[in-house]
Every structure is written in C-alpha cells, then in structure tokens.
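Colleague: I'm new to reading models like this one. Could you walk me through a few features?

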Amino acid sequence: MGNRFFTSIKTGLADIGYIWRKEYVAVFRDMGALLFFFALPFAYPLLYAFIYNPEAVYDVPLAVVDNSRTQLSREMCRRIDASPNTKVLSYCANLDEAKELMYQRDCFGILEIPADFDKKLARGEQSPVVFYSDMSLLLNYKNFLITLTDVSLDMGRELQSRTLTGATPAQIDMVTNPIPAFSFTLYNPTGGFASFVIPALLIVIMQQSLILGIGILAGGFYEHRKLRHYYQHREKIRNNILHLVLGKAICYYSLYIVTTMYMLHIIPWLFDYPQLGSQWEIYAFMAPFLLSSIFFGMTLSVFVRERESVFLIIVFTSMIFLFISGITWPYDRMPVVWQVLGSLIPSTWGVEGFVRMNTEGASIVDVKGPFLHLWGLTIFYFITTCIAYSYQIWKDKQRKRTEAVSDTTESK
Amino acid sequence: MGTFTTGPKILWQVIVRELHQLVSRPIYLFSIVIAPLISYAFFLSLMANGLPEELPTAVVDLDHSATSRNLTRQFTTVSSLAITTEYASFYEARKAMQKGEIFGFIIIPPSFEADIMANRQPEVSYYTTDAFLIPGALEFRSFKTTTTLAAAAAVQQTLLARGEYERDILPQIQPITVDMHPLGNPWISYSIYLNNTFLPGVLGVIILLTTIFSIGSEIKRATSREWLKTADDNILLAILGKLLPQTLLFFLMGALCQLLLYGYFGFPLQNGIGPMLAAMLLFVMALQGVSIFFICMAPSLRIALSMGGLFGVVSFSLAGISFPAEAMYPTFHLLTDILPLRHYFIIYADQALNGVPLYYSRIHYMALFIYALLPLPFLPLLKRALHRQVYVA
C-alpha cells in the first residue's frame, strides 16, 4: 500500500519534470516567447525610468501683465520667478500679448496684477491678483497653485507685520502665525512622478509580459495543431492534467526568478527610487503574485487561437490594469463593478502589496490582505486553468475522432 | 496605376474583399468594437466623480481639549477628507498608513489649547503619503487650507478681542489674495484632465495593432498574392481598399468617444465639435500610416506588432499627457514630437479646452496629415514582401 503510494508520487514528479523540460525547449525555440519573457521586462522599465527620471516639474513658465508697476507688484513677480516651481517667461504690456504667448504654448499661465494693487493695500483693503491657468496638465497647475499661495501668504504676513510698529520679531511671528503647521510628505518626499508610478508599472509589466508570453506559446500550439502532444506519446507515465499544468507553471516561474530580482530590486536601486521594505519579504510576497499571474495567463491563453492575436487581446488591457490597481484613483473610491473585477486581477493586489512594502516600508504582515488575496487567486486560477486545459484536450480529441471517422469513410 | 475607369472598380473589389474578412473573423469584432467600448466604459465610469472624495484620514489628538476637538471638526467639514479614525500615537497612525487604511493624518500636540491661550505657538503637523500621488496631493491641499484657516481664525479672535472692526480684520489676515481661474476645468476634474487624451490613446494602441495584424495576416495566411491580384497588382489600391473600411470604423469609434466626452459628459468644448472630429479622423489615419510604416520596415508580423505595441503604449508616457513633456530630458523632446498622440493632445488642449483660434493648431493638424502619408515611399518594400509571402514565426 505504502509502496504504491510512493510510486505514484514518484511517477507524478517525473511527469511534472518531463513537462517542465519540454516547456523549456518550447520557450527557448520560440523567438516570440523569448521577446516577451526577457526583452520586454528588461527594456520597458529602463525606458519608463528614463522618461520619468526628472521626477518633479520645475520652472513652469508664466507670463505677467503688471498693470500696477509698483515696487510691491515687482516684488511679487520676483518671488514667483525665484520659486523652483515656476518662472516668469515674459512681462507683457497687456493681456492680449500674454494670451498670444499662451496660444503658442510658450507659457501655461498668466498673472494679471490690477492697476490698483498697491493702492488697495495702502488703504488697508484686500487686494486680489488674477491668475489664469492652463488646465491641460494638472502638474503645471499644481505648481502654479503652490507658488501663488505661498508667495501671497508670505507677502501678506510681511505687510501685516508692518502695521505692528514697535513689535519684536518674535512678537510679530506670534501674532501672524499663531498655529504654525508643518507638513511631512512621507515615502516619496519630493513628490516625484517616477517614484510614484514606476513601482506600479513594474508589477503591471511583469504580469502583462507573463500573460503575453504564455499566450503566444499557447497560440502557436493551437495553430500548429500540436495539442495532441499534451496527451499522446506519454503512455509510460500517467496523463494527468495536474502534472501538465504544474509542469508548465514551474517552467514559467523559474524563468521569472531572475526577472523578479532585476525588476524589483535592481531597477529601484539603479534609479534611486524609494526602497524601504525588506527585499526577502518582497520576494516572499511575489511568490503568489507570480503564480496567480501564471495561472491567470494560462487560463486566458485558451482564448488565443493564433500566436499574434494575443497582442490584440492583451496589450490594450495594460492601461486598464494599471488604473484598476488603485495607484492613481483610490481603489475603494471606484465603482463597485470595477472593484470586483479588479480584485480578480493579480496586478491589483500585486501593486498594492509591492507599493506598500517597497515604497512605504510595510512588512509582509501589514500587507496580509493582498498577500492572502493573491494566494486565493492562485488557487482560483489554478482550478480554472485545469478546467480550461481539460476542455481544450477533450475538444481536440473530439476533433481527432471526427477527422478519423471522416478519413475512414473517405477511404471506403 | 490602374487606368482611370478601372481604378475605382478595383478599389471597390478590394474593399468588398476586406469587408468579408472583417466580418468572418471574431478577433476583428473584438478589437474594433468591443475593446474600445470596454476602455470607454472603464475610464469614464472610474472617474465619474471628477475627484476622489472622503479620503480616509486620521487624527492623532494628544491634547483632548475643546480647542483641539474644534480643529478636528474643521477637518471633518472638508469634502475631500473623511476623518475615519483617531489614533493614540504617531506610531499607530503610521502603521495604519502603511497598511493602506488611511492616506494621511494630523497630529495635534499635547497642551495645544493652553499654548494657544498663552501665545506659545503650538505646532500642528500633518503627514501625507505621496506613494499614491492623487490622494496624497488632495490630502496635502486640504490640510494646508484648513490649517491656514484655523490659524487665521485664531488671529481673528485676537483682533476682535482687541476691539478691531470686523471689516478691517480680513485685509489684515490676508492682504493679498489670488483669484485663481483654472481655464476650462474649474472643478479640477481628473476625468476631464485624463479621459480627453487617455481614451484616444487606448484607441490608438488598438488601431496600431489591428492595422498591423490585418496586413501581416495576409502574409501569414499566404493570401497576400491573391490580395495583390484583386488589386490588379497595385499596392496603393491594395492598401487603400484594405484600410478604408477600417478607417471608417475606427473613426466612428473615435467619434463615439468624442460624443460621450463632449455630449453625454459635457466636457468643455470651446470651438465646437468640428475641429475635434477632424483631429480624430486625422489621428486615425496617422496611426494607420505609422502601422503601415512598421510593417514595411519589418514584414514579420511579430516584430511589427511588437513595434506597434511599444509605440502605442509608450505614447501614454512620452506624449506628455500626464507628466509634462517640457519637464523630460531634452533628448526625449524630439521623440515626443513624433507621436501622433502628442499632436492630438495639443489640438484637444487648444480647440476643446482653451478655445484657441484654429490658426494656432495648424501645425499639429499638418503633422497628423503627414503621418498618414508617411508610408508612401516605403510601399514598394511591402509589395516585395507580399509577393514573397514568407511568414516568420
């Protein structure tokens, strides 16, 4: 009894090993698969890193229409120009001239200082300045908003202190700023765009390259009617669907060990992105992510009837997967439909977990939720993969049988 | 060139042949109709609110006085924040942030009330996470506004107590104000900001891949010679006949996108729909031009599709529609200018958002048009490949 049990395990492992080896051969003979498994994960992170490497936006140009032309209005322009966020491109004679600059896209905002700017301040009235901002890019608008708020508050404070004649600087500070507030931007102190988006992109690229690679292999298999290799000529060992699925998955998993280290360790280190988490814990977290992505890809691959159609089916989903992960729009502020669909995509939990660990320094215990979700998805997609493969094999056998029947009838 | 009388007839034959192919393979239905529809539905419903509201936020109140509770209440009134929890220490709050329970928190120091009363300037600090940029920025803005207002309220109390008139107080607290005009998008809606170019971007990826796929498939399925024969061995007629039905379909999908954006959702459209529809038509043709160019250069379906995919996906980053092109390295500026999405983006910003006279967008319309003509000199390369009819896996 015990002996038979061990023999069956031995056959099973041998079978898995056999398929694993076969799959290596298939992968390394297929230029398309190699492109997706190796070239894509290697090149895309570098490309994105170079594009976003400047991280923050500095010196957004604006035009000034200074109708006041006083010491105070010039002081305001000087301070705006001095801010790292913005720069004064030109001093225009009138609004039309400034508009012309904006039409040419030479500047993205216009500051108009009214003629009575100085007079109003002297009279002790509130004195507004007008700002027109182009809204095609919110990062430019953000820079304008921050600079203008800071400059107007600072100058206001100084004006206010002038009225307090005879007060000591400490007293002035006390009166003008009774509750000083300090802001701390955690985990991405410069508010850098690359530090924010690249970690999420890495995870999505990893998942998409896996799906594409698995898809192109499966498409080739289907196209060349090689499905029978799944169940023929393997009489010595058992034709078990579990062995087939596991053998293939182990092959893909092993291919992605180096890729994972490159993408999740070397790339953030090379470009100096936030890297607070323990690397070993990140790798532990990646295990269910890779497995669920592999099984997700294997399940999707039954829809691929032709090698190249995988491009048409998968590539456009990359943007959707990136957004559904909640990196830009908070996950729990999405419509419920997308939350449900998003929870079925491995990258949603992968991005959440990786960003929390890598960027925010969470431990694997803190990302227990995403971690367990990924294991859940692994099991779910493992089952769907088994069903999909069994169905495909059954269908293929069926087709063989009808072809065989038609052959015999024709020969008669 | 076909003769004048037979030219249109041959073209019609190729069009009919292409229409048969389009309806006979489900993959075309998926990529031309279903994939764009999925993308429209996703992006438009995702950001339907314009801005995420009620972001979970925490307060660490170490003072527990009437004044500190009053400050906490001021935070609860801000629409973008929702004070969900109160933590006992900085450590707890930071842990909650790492777990993703909150996007920011504020710390009110012990003896906050007493310090205010005694003019000792108690320091309030707020922490936001920029690992998630949009929620982080919104939290930052809300915290900054509220703390500034709270400080102003305190000054106001002092001034009132000194017997100043209420009308004189505001100019003292904030002598200079900024009258901000966010042109075209006063709601600072992310939906307006992103969807206007993201949806055409996704459509662009689909156009690139579908066009390359449909031409490459002819070689792969060994039907390219027959295709050329239908076109009387005229490569120009062959390409035109093949792509015109797709141009029409993709333009209709693009027009549907604009109908949703400017009609149903009422996004800003300053200069009317005409300039935008024209831009969409040219955008579709430009991408088809780029696709033909790729397949001329690399008649291997896989390589050409990879190039098309790369071009389409990288357009999102390189076109400067989220991260400004002006802020990228100068090396990338040249690359930015060769992307059709970049020109579509500027036309949108000019014509729909800002209402700039058409004259200023002329170069970008021209650029898109040139893209449509780009593959013309390379067509002989494609013709040779179509005759050879060799498929490289």
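Modeller: Sure, let's start with domains: their bounds come from an automatic or database domain assignment. For chain A that assignment gives domain 1 (2-53 + 190-403) and domain 2 (60-176).

Colleague: How many Å separate the centres of domain 1 and domain 2 of chain A?

Modeller: Taken over C-alpha atoms, the centres of domain 1 and domain 2 of chain A lie 52 Å apart. Keep in mind that this is a predicted model, where local features need pLDDT of at least 70 and side-chain atom pairs pLDDT 80 or more, while totals for chains, interfaces and linings use all residues. Residues are numbered from 1 along each chain as its sequence is written, chains are lettered from A and ligands numbered from 1 in written order, and side-chain values use heavy atoms, without hydrogens and water.

Colleague: At what angle do the axes of α12 of chain A and α2 of chain B cross?

Modeller: Helices are DSSP runs (H or I, at least four residues), numbered from the N terminus. Axes are lines fitted to C-alpha atoms over the stretch in contact, with angles from 0 to 180 degrees between N-to-C directions. Here, helix α12 (residues 317-324) of chain A and helix α2 (residues 26-46) of chain B have axes that come within 11 Å and cross at roughly 20°. Therefore α12(A) is roughly parallel to α2(B) (angles under 35 degrees count as such).

Colleague: Which residues of α12(A) meet α2(B)?

Modeller: Contact means heavy atoms within 4.5 Å. Met319(A), Ile320(A), Phe323(A) and Ile324(A) meet residues of α2(B) including Phe42(B) and Phe43(B).

Methods: Helices (H or I, at least four residues) and strands (E, at least two) are DSSP runs, numbered from the N terminus. Angles under 35 degrees count as roughly parallel, over 145 as roughly antiparallel, 65 to 115 as roughly perpendicular and the rest as oblique.
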